[in-house]
Every structure is written in structure tokens, then in C-alpha cells.
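The exercises below are meant to be worked with the coordinates open in a viewer. Each one states a task and then goes through a solution step by step.

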Amino acid sequence: MDVAKIKEDFPIFKKRKIIYLDNAASTQKPIQVINEIVDFYENHYSNIHRGLHILSQEASEIYEESKKIVANFINAYSWREIIYVRNTTEAINLIANTLPLNKGDKVVTTIMEHHSNFLPWLRLKKLKKIQLEIVDINEEQELDMNDLEKKAKDAKVIAVTFVSNVLGNINDLKEIRRIADENASILIVDGAQGVPHLLTNVKRMKVDFLAFSAHKMLGPSGIGILYGKEELLEELDVFLVGGGMIKDVRMDEFVPAELPWKFEAGTPFIEGAVGLKAAIEYLTTVGMENIEKHERELIKLLVDGLEEQNIEYYGSRKIKKRSSLVSFNIKGIHAHDVAEYLNYKHIAVRSGLHCAHPLHRRLNIPASVRASVYLYNNEEDIIALLDALKRLIKELNI
Ligand SMILES: Cc1ncc(COP(=O)(O)O)c(C=O)c1O
């Protein structure tokens with residue numbers, strides 16, 4: 001993988017002096033994605049599925065082609081299983097709001113979830129009186145599989161993250177699927193931090209629903225993906241209603257359209273779909289296995305460097321179980337102050353609670369600093385971060 005050549009594709013790195021290690025929040029965009037969106041605006045733009053004119057036909061074809069590329073990327077059975085929403089958050093809200101869950105039904109989630117895969121279930125607990133079980137982490141700061149096995153008994157739904165956005169752990173989806181099968185539970189996976197970095201195969205993983213966001217994988221912000229098994233999506237009630245999602249409407253009833261349109265009310269983010277298509281083509285050309293390997297090398301360099309400086313970091317100690325991010329704290333300095341100092345050194349990281357309040361409480365920390373890499377980061381970026389941290393500790397004499 002030629003990282004220097006890849007970096008050349010990202011205009012922002014030619015224009016701004018920055019070491020960008022905030023990829024878990026959102027990634028930068030290559031020229032190929034930018035150009036494809038510009039080309040769409042300049043040459044093909046129109047609304048989809050509405051007109052018989054040439055531009056509407058072209059826009060509709062491009063939009064559907066984008067879904068085919070996404071379906072292929074995650075090895076879905078059909079592009080009809082790909083629903084475009086705004087982001088991961090909306091995708092999970094869509095499922096939580098349309099699954100036929102009733103009072104007493106058990107939903108299992110985990111303490112390491114991003115609020116996007118936590119609040120929709122917490123809200124159902126209040127609204128529908130579902131039984132919500134929250135799986136803990138163990139001493140290794142990995143998902144406690146014994147706790148999961150216990151709590152998953154007779155669960156209707158298991159909703160779990162692919163990769164924790166704070167711990168950086170990759171969860172064992174194979175084992176989670178086995179537990180889900182034992183209990184005939186629906187398995188919902190928050191793929192926001194997993195799909196952009198790890199080869200994802202929904203057929204092999206046997207997930208029932210998978211949610212992820214384009215903006216975390218070189219694509220535009222404002223378009224997210226909900227994958228769902230066709231037979232399950234068919235059963236779900238509609239979420240948003242209005243134009244574009246119906247087959248027929250009468251004075252007193254309506255008939256929803258076929259999949260995937262049944263879940264896409266109103267004009268979608270068409271140019272977002274164009275950008276997402278280009279982003280996936282870019283990632284596929286580089287190769288997801290290459291990206292994963294490259295990122296793991298960078299993460300190894302980072303955790304080794306943190307250990308050397310005695311900086312506390314979170315998540316699994318097994319490098320194979322880690323993906324593209326590391327959260328840490330320097331004793332005696334608030335995470336925001338660390339991030340502020342790094343910003344002064346032109347290094348972009350994230351600090352705070354990362355939309356994971358329950359996990360930070362569980363770890364008994366007020367906040368953390370998160371460094372997250374992507375395919376355009378290199379060893380020099382990690383060394384610069386480690387050097388800056390060393391300097392900060394020295395300057396503050398702590
Ligand atoms: C694990 C995880 N889930 C969900 C989300 C929410 O993604 P979005 O803001 O695109 O909805 C994030 C974003 O940081 C995340 O890291």
C-alpha cells in the first residue's frame with residue numbers, strides 16, 4: 001500500500017498543515033469523491049424516480065448503481081437490502097422504531113455502545129417498557145462474553161457495536177451470532193467504526209441489520225446506510241411516510257412501495273449516494289485487507305509508544321483485537337487540555353466523552369483523548385503524536 005501516493009489524492013493535505021488523527025469522528029475526502037460529486041452536479045443532476053426525462057433517468061440509474069456498489073462492498077444478497085438514511089444514528093433509530101417490540105420484550109445492548117446504539121433502546125424502555133439488559137466489559141476491557149451469554153437468554157434483540165469508538169476493540173461477532181442463534185434473537189450491528197476499516201461480509205457474519213455512515217469512510221456527511229435482510233425489512237412497518245415511498249394512496253389508506261423505497265420517504269441525498277459510490281470504489285481499489293493491515297501497524301506503534309511513556313490507554317491489550325483507534329489519558333491533565341496542546345502542534349485528535357457516557361462512567365474517567373487513523377496516515381503521524389505527548393509531559397513536569 002503506497003500511503004504517500006494515497007495522501008496525494010486528498011486535497012486538504014496539500015492546503016492545510018495538519019496531522020489528522022480524528023478519523024473516527026469523520027474522514028477526509030479524496031479528489032475522486034469530490035470530482036464525482038462535481039461531475040454529477042455539472043452533467044447529470046436531477047431528482048430521481050420522478051421524471052421520464054433523460055436527466056432524471058440518469059440520476060436514478062446512478063443512485064441505484066450506488067446501492068449496488070454498497071451491496072457488493074458488504075456482500076449483501078441484493079441491493080434492495082440497502083436503505084439510505086442520514087447516518088448510523090438514523091439507521092438504528094429506524095430499526096428501533098419499526099421492530100415490533102412490546103412490553104417485557106428483552107433487548108440486549110452493551111456498556112461500550114455509542115449513544116446512537118444506546119439511546120434508541122433506552123427510549124423504548126421508557127416508551128414501551130421493554131426489558132433492557134446492558135452487557136458489561138471484563139477486566140481485560142473486552143466485551144464480557146459470559147455476561148452476554150447470561151443476559152441474552154430469550155432476548156428478542158441483541159444490538160452491539162462492531163468496533164467500540166472508545167476502546168477500539170473489535171467485538172467477536174461470530175460468537176455473538178452463535179449466542180443470538182441460541183436465543184433466536186435478531187442481531188443488529190452498529191458498523192460505524194467497523195465497516196470503514198475491516199472487510200465486512202454480512203453473509204458470513206450473518207448479521208440481520210447493519211448500520212454505518214459514509215462520512216467515516218471517505219464519503220459525504222449526511223448519508224448513512226442501513227443494511228437489513230430482505231425478509232426482515234419486508235416485515236417491518238414503515239418509518240417516515242410521504243412522497244417516494246408508496247405504491248398507491250387513497251383517501252383512507254396507502255400501500256407502501258417495494259424495498260428499498262418503502263423506507264426512503266422524500267427526496268434522498270442523491271449527490272451523497274454519488275459520493276458514497278466513489279468512496280467505496282476508492283476503498284476497494286486500495287483493498288480493505290491492506291487498509292486493515294496498515295492501520296494495525298500504526299496502532300501497534302501508537303500503543304507501544306504510549307506504554308513506553310506510561311500513558312494509560314483503554315481497551316484490549318491484544319493487538320489483533322484492536323482496530324483503528326486508541327483512547328488514552330495523561331494523568332493530571334484533562335483530555336481537553338491535551339487536545340488543545342496537540343492542536344497547537346497541528347495535530348487533530350478528539351477529546352471528551354465521545355458520545356459514550358456510560359462507558360466513561362464505567363471506566364471511572366471524566367473524559368479521554370482519542371487518536372484514530374485511516375489509510376492516509378503514516379508512521380510519521382504517530383511519531384509526531386508521541387513526540388508531542390512526550391514534550392507536553394516534560395513541559396508540565398508531571
Ligand atoms: C460506534 C459509533 N456508532 C455510531 C456513531 C454515530 O455515527 P453518525 O454520527 O454518523 O450517526 C458513531 C460516530 O462516531 C460511532 O463511532
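**Exercise 1.** In what order do the strands of the open four-stranded sheet follow one another, and is their pairing parallel or antiparallel?

*Solution.* The coordinates belong to a predicted model, and every step below should be read with that in mind. Step one is to read off the order, which is β11-β12-β15-β14, with antiparallel pairing throughout this open sheet. Step two concerns the ends: β11 (312–313) and β14 (350–352) have a single partner strand each, so one side of each is left without a neighbour in the sheet. Step three turns to the pair β12 (residues 325–329) and β15 (residues 368–372), which run antiparallel and are joined by four bridges; within this pair, L325 has S372 of β15 as its bridge partner. Finally, helix α12 (residues 288–308) lies across β11, β12 and β15, and its direction is at about 15° to that of β12.

**Exercise 2.** Determine the strand order of the open seven-stranded sheet, and find which strands stand at its edges.

*Solution.* The order is β2-β8-β7-β6-β5-β3-β4, and the pairing is mixed. At the edges stand β2 (82–85) and β4, and because each has a single partner strand, one side of each is left without a neighbour in the sheet. Averaged over neighbouring strands, and with direction ignored, the turn of one strand against the next is 20°. Two helices can then be placed against this sheet. Helix α4 (residues 54–73) packs on it by touching β2, β7 (209–213) and β8 (224–228), with its direction at about 115° to that of β2, while helix α5 (residues 88–98) lies across β2, β6 (186–190), β7 and β8 and runs at about 155° to β7.

**Exercise 3.** Trace the connection from β3 to β4 and assign its handedness.

*Solution.* Begin with the pairing: β3 (residues 106–110) and β4 (residues 131–135) run parallel and are joined by five bridges. Following the chain onward from β3, one passes through helix α6 (residues 119–128) before reaching β4, and this β-α-β crossover is right-handed. As a check on the register, V108 has E133 as its bridge partner in β4, and T110 stands opposite V135.

**Exercise 4.** Describe the surroundings of the ligand, including its polar contacts and the share of its area that the protein buries.

*Solution.* There are 14 residues around the ligand, and those that come nearest are T89, D190, Q193, S213 and K216. For the side chain of D190, an N or O atom is 2.5 Å from a nitrogen atom of the ligand. For the side chain of H215, an N or O atom is 2.7 Å from a ligand oxygen atom, whereas T88 contributes a backbone N or O atom, 3.3 Å from an oxygen atom of the ligand. Taken alone, the ligand exposes 400 Å², of which the protein buries 89%.

**Exercise 5.** Inspect the backbone at P260 and D154, and say where in the chain each residue is found.

*Solution.* As a reference, most peptide bonds are trans, and most residues other than glycine have a negative phi. The bond joining L259 and P260 is cis, with omega about 0°, and P260 is found in the loop between β10 (254–256) and α11 (270–286). D154 has a positive phi, near 60°, and is placed in the loop between α7 (145–151) and β5 (157–161).

How values were computed:
Residues are numbered from 1 along each chain as its sequence is written. This is a predicted model: local features need pLDDT of at least 70, side-chain atom pairs count only at pLDDT 80 or more; totals for chains, interfaces and linings use all residues. Side-chain values use heavy atoms; hydrogens and water are left out. Two strands pair if DSSP finds at least two bridges between them. A crossover is right-handed if, with the strands pointing away from the viewer, the path from the first strand over the helix to the second runs clockwise. Axes are lines fitted to C-alpha atoms, for helices over the stretch in contact, and angles run from 0 to 180 degrees between N-to-C directions. Contact means heavy atoms within 4.5 Å. A residue is near a molecule or strand if one of its heavy atoms lies within 4 Å of it. A polar contact is a pair of N or O atoms within 3.5 Å; within protein, one must be able to donate a hydrogen and the other to accept it, and residues adjacent in sequence count only if both atoms are side-chain atoms. Accessible areas come from the Shrake-Rupley method with a 1.4 Å probe; for residues, only the protein chains shown count as cover.
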